[in-house]
Amino acid sequence: MRRGLAFLLLLGGCAGQQTPLAPGGEQAASLFTLFGLMMAVTSVFYVLVLGFLGWAAWRARGHWSRGAAPVVEPDDVGLSRSLVVWAALIIAGLFLLVGGSFVAERALASARAREALQVSVTGHQWWWRIQYRDPATGAVVETANELHLPVGRTARIELGAADVIHSFWVPNLSGKLDMIPGRANSVDITPRQLGWFRGQCAEFCGAQHAHMAFSVKVDTPAEFAAWLAAQARPAATPADAAAARGQRVVVGGQCAMCHVIRGTAAGGRAGPDLTHIGSRRTLAAGTLVNTRGGMQGWIAHPQAIKPGTMMPPVALDPADADAVSRYLESLK
Ligand code: CUA
């Protein structure tokens, strides 16, 4: 009973938003099948080797107690026959592994040949710049730390890095690939399952490597088109006095040096695009839930929440802090 419970707990660890063991995309499914095959082949050999080792030790126990090493006859026919069987097993195992690897490779390559949605993702210490092309105008649509993909369509993610090497990994959807400064890499994702997944930087890139995550939302094609059209629009105009005050503080102050809010004078390029920050799920690359309180805490104490982040603390009086968080929240 207790063992059954432990097994269930173990399996429970395999479900979720960030695991290669619950594939929600075509590429991840190919890799998962290959993983299963490798586990099966290596498990068989593991059990066989340990079994024979135990059997040999058990057979030799009489020799050891007499203080003499077991003797192998040079013309032992049984031994040479079993060595042939053993070699055949090893060759069969290797063929299975090579065959499985070939099939997985072909499956990944078949997606490479498809016409795909182009998305560019750039790794920064410690966040993700994400760019699409607006199908209506051809203009670049930028967002950060939240990737949206349409289900059933292959997306080709062009990977780059602005500073050091990062690694792009959404384990439920595809394999991982390094993002290297000065080098263009790309990874394909063909999502099969709607919903939220989690991506994580998979290459140590400095103090806040662990706080370099992102959300992935797989939408229906219609939802995706609506989302992209909304992201392409300039920022909403403030709907009330508090938001208007917040906009004056953001656009007229320190924030505008590093952040873009399209449709306003804020045009900094060093940090994430904030045009639709209110539509995103998290702040600071998956570090905080995007709430008004989280926003105020992040603006006032970024170095306490994510030590070493490029975001400097911004001292605002309480009324301004409240107004800024209301304005940013309204940028859906
Ligand atoms: Cu970026 Cu680790």
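Start by selecting Ala284 in this predicted model. Its relative accessibility is 14%, so Ala284 counts as buried, the cut-off being under 20%. To see where you are, colour the two flanking strands: Ala284 sits in the loop between strand E11 (282-283) and strand E12 (288-289). Now check the backbone there. Ala284 is not a glycine, yet its phi is positive, at about 55°.

**A second positive phi**

Next, go to Asn145. Here too the residue is something other than glycine, and phi is near 65°, a positive value. Asn145 belongs to the loop between strand E3 (140-144) and strand E4 (146-150). Is Asn145 buried or exposed? With a relative accessible area of 7%, Asn145 is buried.

**An unusual peptide bond**

Move on to Gln125 and Trp126 and show the backbone atoms between them. The peptide bond that joins these two residues is cis, with omega at about -5°. Trp126 is placed in the loop that runs between strand E1 (117-124) and strand E2 (127-133).

**Around His166**

Keep Gln125 on screen and add His166, because Gln125 is one of the residues that His166 touches, neighbours up to four places away in sequence being left out. His166 is part of strand E6 (residues 166-168). How accessible is His166? The relative accessibility is 0%, so His166 counts as buried. Select its other partners as well: Gly123, His124, Ala161, Asp178, Met179, Cys201, Glu203, Cys205 and Met212.

**Cysteines**

Cys201, which you have just selected as a contact of His166, has a relative accessibility of 2% and therefore counts as buried. Now jump to Cys255. This residue takes part in no disulfide, and the nearest cysteine sulfur, belonging to Cys258, lies 8.9 Å away. A disulfide needs two sulfur atoms within 2.5 Å, so a separation of 8.9 Å does not qualify. At 19% relative accessibility, Cys255 still counts as buried, because the limit is under 20%. How many disulfides does the model have? The count comes to zero.

**Thr190 and its surroundings**

Thr190 is the next stop. Look for it in the loop between strand E8 (185-189) and strand E9 (195-200). Its relative accessibility is 4%, so Thr190 counts as buried. Show the side chains of Thr190 and Thr154: the two make a polar contact at 2.9 Å. Thr154 is also among the residues in contact with Thr190 once neighbours within four places in sequence are set aside. The others to select are Gly25, Glu26, Gln27, Ala111, Arg114, Gly152 and Arg153. For a distance to try in your viewer, pick the C-alpha atoms of Thr190 and Pro221: they are 31 residues apart along the chain and separated by 13 Å.

**Asp76, a wider span**

Now select Asp76, in the loop between helix H3 (61-65) and helix H4 (77-112). Asp76 is partly exposed, with a relative accessible area of 34%. Draw a line from its C-alpha atom to that of Leu31: the two residues are 45 places apart in sequence and 44 Å apart in space.

**Two domains**

Zoom out and colour the chain by domain. Domain 1 covers 17-68 + 76-224, and domain 2 covers 241-329. Taken over C-alpha atoms, their centres are 35 Å apart. Where the two meet, 19 residues of domain 1 are in contact with 20 residues of domain 2.

**Along helix H6**

Finish with helix H6 (residues 241-252). At 1.5 Å a residue, its 12 residues should span 16 Å, and the end C-alpha atoms are indeed 16 Å apart. Which residues of H6 are buried? They are Ala243, Gly246 and Val250. Look down the axis of H6: the buried residues fall within an arc of 55°, so they line one face of the helix. A general pattern helps here: an α-helix has 3.6 residues a turn, so residues three or four places apart point the same way. Turn to the other side of H6 and you will find Ala241, Arg248 and Gly252 exposed. To see part of what covers the buried residues of H6, display helix H9 (318-330). Last, visit the start of H6, where a side-chain oxygen of Asp240 comes to within 3.2 Å of the backbone nitrogen of Ala242.

Conventions. Residues numbered from 1 in each chain as written. Predicted model: local features only at pLDDT ≥ 70, side-chain atom pairs only at ≥ 80, totals over all residues. Heavy atoms only, no water. Helix = DSSP H or I, 4+ residues; strand = E, 2+ residues; numbered from the N terminus. Expected span 1.5 Å × (residues − 1). Buried < 20%, exposed > 50% of the residue type's maximum accessible area, 1.4 Å probe, protein only. Arc of directions from axis to C-beta. Contact = heavy atoms within 4.5 Å. Polar contact = N/O pair within 3.5 Å; in protein donor to acceptor, adjacent residues only side chain to side chain. Domains from an automatic or database assignment.
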